[in-house]
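Here is a short set of exercises to work through with the model open beside you. Try each task before reading its solution.

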Amino acid sequence: MTDFDDNVCPRSNLPVQVSTAQDNKRKMDEMDAASAVKMKRSIEKTSDLIILGLPWKTSEQDLKDYFVTFGEVIMVQVKRDVKTGNSKGFGFVRFTEYETQSKVISQRHMIDRRCECKLPNSEVFNKCLRSTCLFESFPLKSKFCSIPSSFIVMIGKMAPTAMVASL
DNA sequence: GTTGAGCGTT
């Protein structure tokens, strides 16, 4: 548990701890192929994304018009006051493809000069439970570390933002 | 008719 190399998440640029090649080999051996596939699926399932900091005037159509440029959109929501119909300044979006979702999370967004995309807290929580903090890696090549490729163990007190960036 | 961190009536 102590001989981990310091490393940096290529998405968030936050420091993460990555296990050594030897550790990964052992982990891989302990994990059969079926459970690996099962884990990968559970992590790559699409989920809603929360859009914070929306302009008051932004409508669902505006949201959709913006996000379809990344990929097919299943639904968009703008949360409003039930009485006045005014926007609460946040909403949700869901894509058909996980690829699209992760692309959207990984970059910054601007809708009328503001807005911010994240995984909702509920989803972060769910994914942490499902994965027990063993994440199938994002495309990680030997450029960043020397492990075989697919499994990176992130252990210990990771910042929530680092976890979001990795999911 | 205003506001500006947050976490979704169904």
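## Exercise 1: Strand pairing

Strand 3 and strand 6 (residues 116-118) are joined by three bridges, in the antiparallel sense. Keep in mind that this is a predicted model.

**Task.** Starting from Ile-50, find which residue is the bridge partner in strand 6 and which residue stands opposite in strand 5.

**Solution.**
- Step 1: look towards strand 6, where Lys-118 is the bridge partner of Ile-50.
- Step 2: turn to strand 5, where Phe-92 stands opposite Ile-50.
- Step 3: place these residues in their strands. Strand 3 covers residues 49-52 and strand 5 covers residues 87-95, and the two pair in the antiparallel sense over three bridges.

## Exercise 2: The hairpin

**Task.** Work out over how many bridges strand 4 and strand 5 pair, and which residue of their hairpin takes a positive phi.

**Solution.**
- Step 1: follow strand 4 through residues 73-80; its pairing with strand 5 is antiparallel and runs over six bridges.
- Step 2: check a facing pair, with Met-75 opposite Arg-94 in strand 5.
- Step 3: move to the connection, where six residues lie between the strands. Gly-85 is the residue to pick out here, with a positive phi near 80 degrees.

## Exercise 3: The surface near DNA strand B

**Task.** Describe what surrounds DNA strand B, and say which element gives the most to that surface.

**Solution.**
- Step 1: gather the neighbours. DNA strand B is surrounded by 17 residues, of which the closest are Gly-53, Leu-54, Trp-56, Gly-89 and Phe-90.
- Step 2: ask which part of the DNA faces the protein. Of the atoms of DNA strand B within 4 Å of the protein, sugar and phosphate make up 11%.
- Step 3: look at contacts to the bases. A backbone N or O atom of Leu-54 is 2.5 Å from a base nitrogen, and a polar backbone atom of Gly-89 is 2.9 Å from a base nitrogen. Trp-56 uses its side chain, with an N or O atom 2.8 Å from a base oxygen.
- Step 4: assign the elements. Strand 3, strand 4, strand 5 and helix 5 (121-131) each give two or more residues to this surface, and strand 5 gives the most, with four residues.
- Step 5: sort by class, which yields eight nonpolar, five polar and four charged residues.

Key:
Residues numbered from 1 in each chain as written. Chains lettered and ligands numbered in written order. Predicted model: local features only at pLDDT ≥ 70, side-chain atom pairs only at ≥ 80, totals over all residues. Heavy atoms only, no water. Pairing = 2+ DSSP bridges. Near = heavy atom within 4 Å. Polar contact = N/O pair within 3.5 Å; in protein donor to acceptor, adjacent residues only side chain to side chain. Nonpolar A, V, L, I, M, F, W, Y, C, P; charged D, E, K, R; others polar.
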